[in-house]
Amino acid sequence: MPGPVLLLAGTAEARALARALAARDIAAVASLAGVTEDPAALALPTRRGGFGGAAGFAAYLDAERIHAIIDATHPFATHISQRTALIAAERGLPCLRLLRPEWRPGVGDRWHEVADVAGAAAVIPPGARVFAALGRQALPALAALPGRRLYLRQIARPDTPFPYDGDYVLGRPGATAGEEAALFARLGIDWVLTKNAGGAASAAKLAAARDMALPVAMIRRPTLPAGPGVGTVADALAWIEGVGE
């Protein structure tokens with residue numbers, strides 16, 4: 001009898017897939033890397049924290065008799081995705097990437113696509129007041145933007161003071177464009193800096209930027225390993241059912 005499916009989680013799509021797997025009584029276990037503070041609970045047995053590098057991950061797959069892997073981590077979690085694809089291929093394990101569609105600019109958007117925060121420095125002028133929706137791991141990279149006033153959104157206040165001109169903005173993304181627009185107006189924001197993560201959960205800031213005619217420095221997605229991939233939970237379920245046949 002095959003072992004469980006391993007769901008590498010950390011996104012809204014992973015949470016939805018976990019619920020669907022549990023509802024169908026498909027043997028599965030979820031894993032959270034531990035980057036997000038106080039993550040939402042998953043509907044599957046869940047392990048938290050790293051595996052201890054590539055060797056630890058491989059040992060876990062063997063010990064738990066993992067049958068297949070679904071990588072539903074963040075689109076910018078390149079290290080996890082690359083390691084997962086490599087080790088799955090070495091073991092002949094089916095591995096699927098569940099990757100939500102990226103955002104696309106529409107009428108009224110003023111996007112400037114860049115490779116990274118350093119690239120954003122070429123388009124965001126000195127003196128700008130920048131709202132950065134990048135996550136806490138991006139804090140060191142913001143050193144590439146001297147001379148700008150920076151506001152970095154964080155769910156919880158970090159242990160260390162904000163090291164640049166500006167401050168942390170505490171709280172989760174606004175649910176509506178109006179909420180985000182009110183925040184931008186209060187802070188005097190004239191640029192938005194974000195990653196092309198895709199998804200509806202944090203898209204309100206882009207709608208607010210469009211409504212306020214604010215320019216957006218959009219960090220493009222990194223290149224991910226080649227291999228099978230889908231963009232919806234329904235397609236991921238169909239893949240799992242096919243693997244189990």
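Six strands make up an open sheet in the order S3-S2-S1-S4-S5-S12, with parallel pairing. At its edges stand strand S3 (46–48) and S12, each with a single partner strand, so one side of each is left without a neighbour in the sheet. Keep in mind as you look around that this is a predicted model.

**Inside the S3-to-S12 sheet**

Let's start with S1 and its partner S2. Strand S2 covers residues 28–32, and four bridges join it to S1, the two running parallel. If you want a spot to click on, take Val5: its bridge partner in S2 is Ala28. Helix H1 (residues 12–23) lies across S1, S2, strand S4 (68–71) and S5. The helix runs at about 155° to S1.

Just ahead of all this comes Pro4, in the segment before strand S1 (5–8). Which residues does Pro4 touch, once its neighbours within four places in sequence are left aside? One group is Ala27, Ala28 and Val29, and the others are Glu64, Arg65, Ile66, His67 and Ala68. Ala28, the bridge partner of Val5, is thus also one of the contacts of Pro4. Gly56 is 52 residues from Pro4 along the chain, and 18 Å separate their C-alpha atoms.

**The other sheet**

There is also an open sheet of six strands with the order S6-S11-S10-S7-S8-S9, again paired in parallel. Here the edge strands are strand S6 (110–114) and strand S9 (166–170), each pairing on one side only. From one strand to the next, the twist averages 25°.

Within this sheet, strand S7 (residues 129–133) pairs with strand S8 (residues 149–154) over four bridges in the parallel sense. Val130 has Leu150 as its bridge partner in S8. Helix H5 (residues 177–187) lies across S7, S8, S9 and strand S10 (191–195), and its direction is about 140° to that of S7.

Here are the two helices side by side:

| Helix | Lies across | Angle |
|---|---|---|
| H1 (residues 12–23) | S1, S2, S4 (68–71), S5 | about 155° to S1 |
| H5 (residues 177–187) | S7, S8, S9, S10 (191–195) | about 140° to S7 |

**How the chain is divided**

The protein chain splits into domain 1 (5–99 + 223–242) and domain 2 (111–219). Taken over C-alpha atoms, the centres of domain 1 and domain 2 are 29 Å apart.

**Empty space**

Now for the gaps. Rolling a probe the size of a water molecule over the atoms shows where empty space is left.

The second largest pocket holds about 230 Å³ of space. It is lined by 17 residues, and the closest to its centre are Arg97, Pro225, Ala226, Gly227 and Pro228. Which elements each supply at least two residues of the lining? They are helix H3 (78–91), strand S5 (95–98) and strand S12 (229–230). H3 gives the largest share, five residues. Sorted by class, the lining of this second largest pocket has eleven nonpolar, four polar and two charged residues.

What about cavities? The structure holds one cavity of 30 Å³ or more. In the largest cavity there is about 30 Å³ of space. Its lining is made up of Thr11, Glu13, Ala72, Thr73, Pro75, Leu98, Leu99 and Arg100. By class, that comes to four nonpolar, two polar and two charged residues.

Note on methods:
Residues numbered from 1 in each chain as written. Predicted model: local features only at pLDDT ≥ 70, side-chain atom pairs only at ≥ 80, totals over all residues. Heavy atoms only, no water. 1 Å grid on protein atoms, 1.4 Å probe; cavity = no way out; pocket = protein on both sides within 12 Å on 5 of 7 lines; lining within 4 Å. Points joined across faces, edges and corners; volume = space filled by probe spheres on them. Nonpolar A, V, L, I, M, F, W, Y, C, P; charged D, E, K, R; others polar. Pairing = 2+ DSSP bridges. Axes fitted to C-alpha atoms, helices over the stretch in contact; angles between N-to-C directions. Contact = heavy atoms within 4.5 Å. Domains from an automatic or database assignment.
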